[in-house]
Every structure is written in C-alpha cells, then in structure tokens.
Amino acid sequence: ALALPAQAGFLAARLSAALVTALGALALARLSRATGWLTPLWFVAFLFLQPFFTAHAATAMTEPYAAALVAWGLLAFVERRWLVLAVVAALMPLARMESLAFWPFVLAALIHARAWRFALLLPLPLLIWNLLGSLSNGDLLWLLHQSNWRIYPERASLHYVRSYAWVAGLGLFVPIAVGILAPHLPGSRRVPPVEPEMETARRRARLSSTVVAVVFLVVYTALAVWHPITFGNLRYFAYAAPAFALLAAAGIHTLVGRRTGAGWISLGLLLPGAALLWNHPLIGDFGIPRRLDLLPLAAVLLWLALYAQPPRVRVLAPLLAVLLGTFGLIRNNMGTLHHEPSPEHAAVERAARMLADPLPGDAVFYGAHPVLAFHRGTNPYDRESYPAVTDRLPDTAPRGSVFLWDSHYAMRKGRSLELRAFLGKRSWRYLGGVISSDSVWAGAFFERWTESPPDSGAVPPPPPALLEGSLTEAT
C-alpha cells in the first residue's frame with residue numbers, strides 16, 4: 001500500500017496517507033447518514049479521538065490505508081455493495097497482511113448474498129504483488145519471505161486486551177463496549193420505530209463493526225500468545241478505528257435513548273474491567289507500567305452517573321465522550337502523537353548526519369530504514385543506492401561494505417541480523433552510532449573488514465573515512 005506513493009518521496013507518502021485518511025472519514029460520514037445514530041461530525045470526531053489513529057493518520061506507514069479500507073468495507077457491507085466489499089477485502093492484505101483473518105467473514109457475506117463469484121477477486125492483488133516481487137528478486141515466494149514477523153519483543157498474552165481502554169481512548173472505550181454488549185443482554189428494548197431501511201442499516205453496521213473489533217482483538221491476542229511471531233506494536237489499533245468509531249456512535253445512541261436493563265448491565269460489566277484489567281497508564285507504543293491508574297474506573301463511574309440522569313441531561317453524552325477523550329489524549333498519549341522523534345528515529349537521524357556524502361570509492365552501503373533515506377535525500381526503494389538487505393548479508397556482503405543496523409527494518413530481515421547473531425560475526429566491526437542498552441532502538445554503523453572469520457588475535461585495521469565526526473558517539 002505504501003510502496004507506490006513512496007516512489008515519489010517521503011512527503012508524497014505522507015500526503016497520500018492524509019488523503020486516504022480523509023477518504024476513510026468520508027465513508028464514516030456516509031455511515032452516519034445510513035444509520036442515523038448521530039450526525040457525521042460526531043462520527044468523524046470519534047475517529048480522531050482515538051490516539052493511535054490520530055498519531056498515524058498522516059504518516060508514512062500502512063495503518064492509514066488499512067483504516068480507510070476498513071471504513072469503506074463497512075460502508076460496502078451496510079449498503080450491500082458486494083463487488084466493492086470484495087475489492088476492499090482483496091486490497092487489505094497489501095496494507096496489513098494479518099487482515100487475511102477477515103476473509104472468511106467476507107466470504108460468508110458474499111455467499112449469503114449469492115454474490116460468491118466476487119470472491120474470486122480476493123487473492124488476485126496478493127498474487128500480482130508476489131509476482132512483481134518475484135520478478136525483481138528472483139524469489140517465487142517473495143511475499144511469504146517478506147513476512148518476517150519476529151521483530152518485536154514478546155508481550156503478555158493479554159497485551160492488546162489490557163491496552164484497549166487506552167488506545168480506543170478514554171472517552172470512547174465505554175460507549176464502544178456498550179455498543180457491542182447492550183443489544184445482546186437481558187432487558188434490551190427496541191428503540192422507537194425507524195424506517196425499515198434504516199433499521200436494517202443499523203443492524204448491519206453494528207454486526208460488521210463488532211466483527212471487525214472482536215476479530216482484531218482475537219487475532220492480535222493469538223499472535224501475542226504465539227511467541228515465535230509476536231506483535232507488540234499498539235499502533236495496529238489505528239486501522240480498527242473506523243469500526244470503533246461506529247460502535248461508539250451506537251453505544252452513545254443507546255445511552256442517550258430510553259434507559260434499559262441492558263444499558264445498566266453493560267455499564268456494570270465494565271466496572272471490574274476498569275478496576276482490574278485496564279488499571280494502568282499507557283507508555284508510548286509498547287509498554288504497560290506496573291503502577292495503577294484510576295482514570296478508566298472514574299470514566300465508567302461518570303458514564304453510570306450520566307445514565308442515571310433524565311433524558312434532557314443524557315443528550316450531553318457525545319460531549320462527555322469528547323471531553324474525556326481529549327483529556328485522556330493530552331494526559332496519556334502525547335508521546336504517541338509524534339510531536340518529537342521517537343528514540344529509534346532520533347538515533348537513525350543522528351546516524352544519517354554522521355554518514356559522509358558521497359561515500360568514498362567502492363564502499364557499498366546497506367541500509368533499510370526509510371528515515372535514513374529521507375535525511376540523505378534518496379529513494380529507499382532505489383536498489384543502486386540501497387542494495388537489498390537479506391538474511392545472508394552478514395556472510396555475502398563484500399569487504400568494505402557499510403551496514404546501518406537499526407532495531408526495526410534491519411533486524412526484521414532475518415535471524416542472522418538480530419543483534420546478538422550479528423555481533424557474533426567477527427568479520428564485522430562497529431564504526432559508530434547509538435544502540436540502546438536493551439537494543440530496543442538503534443542507529444549504528446558496522447563495516448565488514450574481512451571476508452573470512454579472523455583469527456582470535458587479529459586486530460582490524462583503522463577504519464576508512466566513512467563517517468563524519470566522532471566514530472563512537474555512544475553505545
């Protein structure tokens with residue numbers, strides 16, 4: 001999804017992400033008209049109140065594309081546009097490969113609607129993309145070999161479930177849960193009659209968004225449990241944001257309407273979760289600290305207090321969601337919003353400033369990080385500037401090669417490029433840059449000074465003038 005706009009540079013990639021984010025918001029606005037739960041403004045507000053969506057809405061990452069596809073997929077299901085649904089589902093794995101988990105549900109919808117022939121479109125984009133990769137790399141299973149998902153530290157099995165209240169947003173996690181739970185609990189009453197077409201749209205919207213939210217949490221929890229390919233990055237919540245926004249609107253519609261037993265029960269069920277499961281603040285994109293935080297519990301109590309009020313007060317529910325969401329975003333998620341470079345990006349930026357330009361003579365440079373290419377003013381997909389980084393690089397790179405080791409794009413290329421394994425290659429030596437003590441972020445240069453493992457007493461010669469400034473800033 002990102003490779004094509006990135007050919008025009010970093011700015012083009014960010015502008016295209018902003019454009020597809022706007023298109024996703026447009027789909028939500030159309031869903032608001034179809035369901036009639038709230039006005040389009042509230043739907044879009046709920047989208048951007050989710051901190052990880054807002055943080056990545058205009059970044060050179062794949063989440064904005066996946067989120068836009070989710071939004072249009074939801075709209076296609078509600079409007080029963082089966083060809084559009086099939087095309088959207090076919091494109092989603094190009095943005096996030098694990099979205100293949102949604103295909104069985106799309107296939108079931110197409111079969112139920114007697115539009116099964118559109119299911120033949122599902123594998124086509126993946127097959128075409130793999131073919132293009134195979135032609136350029138000589139690897140028939142190129143796409144499979146690119147899907148190396150071992151790059152993050154192991155996380156707790158309930159990592160994503162425990163983080164739900166914080167990444168959905170302090171103002172939305174309660175309405176989202178009510179939107180999922182209330183229709184299925186005892187005491188649920190029918191709302192005042194609406195047009196049959198709108199009632200059908202509401203049922204389809206609630207069903208499809210619930211499937212997206214639940215499947216999302218189940219899939220990523222399963223990947224966290226299956227430690228060989230752990231997923232530790234909470235930014236993946238960004239592409240479930242349209243489904244969460246739709247469910248938040250449904251939940252607020254329930255809370256504003258006539259009080260029911262289902263409403264009280266769904267709010268009551270959130271109390272133990274807020275007290276025992278989400279009782280921690282969020283740190284950045286990964287961590288969950290040990291100290292306790294009472295904000296989720298306070299939020300649930302505020303919603304209970306509002307639900308106890310007469311209808312003329314409960315109409316303020318959307319405003320409460322916005323106020324709580326804004327407060328939570330400022331208090332807990334400012335570090336998520338990219339107002340300053342992450343430690344990883346700062347290390348790579350520093351490394352980019354150290355690298356001499358142009359490189360001397362026959363030096364071959366290997367670097368996979370797009371931030372490095374951006375600061376060098378080069379195209380990260382240009383194979384002349386950046387030869388392919390593969391698992392065989394430590395043994396096949398020619399003598400004199402320079403390699404930027406980072407903890408994200410380089411390490412994911414294979415086991416031999418994980419730090420411990422790479423440092424075990426005594427034919428490579430450290431030139432400069434920074435590696436954190438826990439190897440969570442890095443931007444460090446290494447040079448291959450000999451093509452065969454040296455003797456134990458061998459001393460590498462003085463390094464060439466490949467770097468500007470200090471050769472060993474910090475380790």
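Contact means heavy atoms within 4.5 Å. This is a predicted model, where local features need pLDDT of at least 70 and side-chain atom pairs count only at pLDDT 80 or more, while totals for chains, interfaces and linings use all residues. Residues are numbered from 1 along each chain as its sequence is written, and side-chain values use heavy atoms, with hydrogens and water left out.

**Exercise 1. Find what covers the buried residues of α15.**

Step 1. Locate the helix. Helices are DSSP runs (H or I, at least four residues), numbered from the N terminus. Helix α15 covers residues 295-307.

Step 2. Pick its buried residues (under 20% relative accessible area, 1.4 Å probe, protein chains only). They are L295, P296, A299, V300, W303, L304, L306 and Y307.

Step 3. Look for the cover. It includes α10 (159-167), α11 (173-181), α13 (241-256), α14 (261-277), α16 (311-314) and α17 (317-332).

**Exercise 2. Place W303 in the nonpolar core.**

Step 1. Define the core: a set of buried Ala, Val, Leu, Ile, Met, Phe, Trp, Tyr and Cys residues joined through side-chain atoms within 4.5 Å.

Step 2. Take the largest one. It has 85 residues, and W303 is listed with F46, F173 and Y239 as having the most contacts inside it. Helix α13 gives the most to this core, 11 residues.

Step 3. List partners of W303. Leaving aside neighbours within four places in sequence, they include I252, L255, L267 and L324.

Step 4. Look elsewhere. Another core, of 19 residues, lies apart; L85 and L143 are among them.

**Exercise 3. Is L124 buried or partly exposed?**

Step 1. Find L124 in helix α8 (residues 124-137).

Step 2. Read its relative accessibility. L124 is at 39%, so it counts as partly exposed.

Methods:
Helix = DSSP H or I, 4+ residues; strand = E, 2+ residues; numbered from the N terminus. Buried < 20%, exposed > 50% of the residue type's maximum accessible area, 1.4 Å probe, protein only. Expected span 1.5 Å × (residues − 1).
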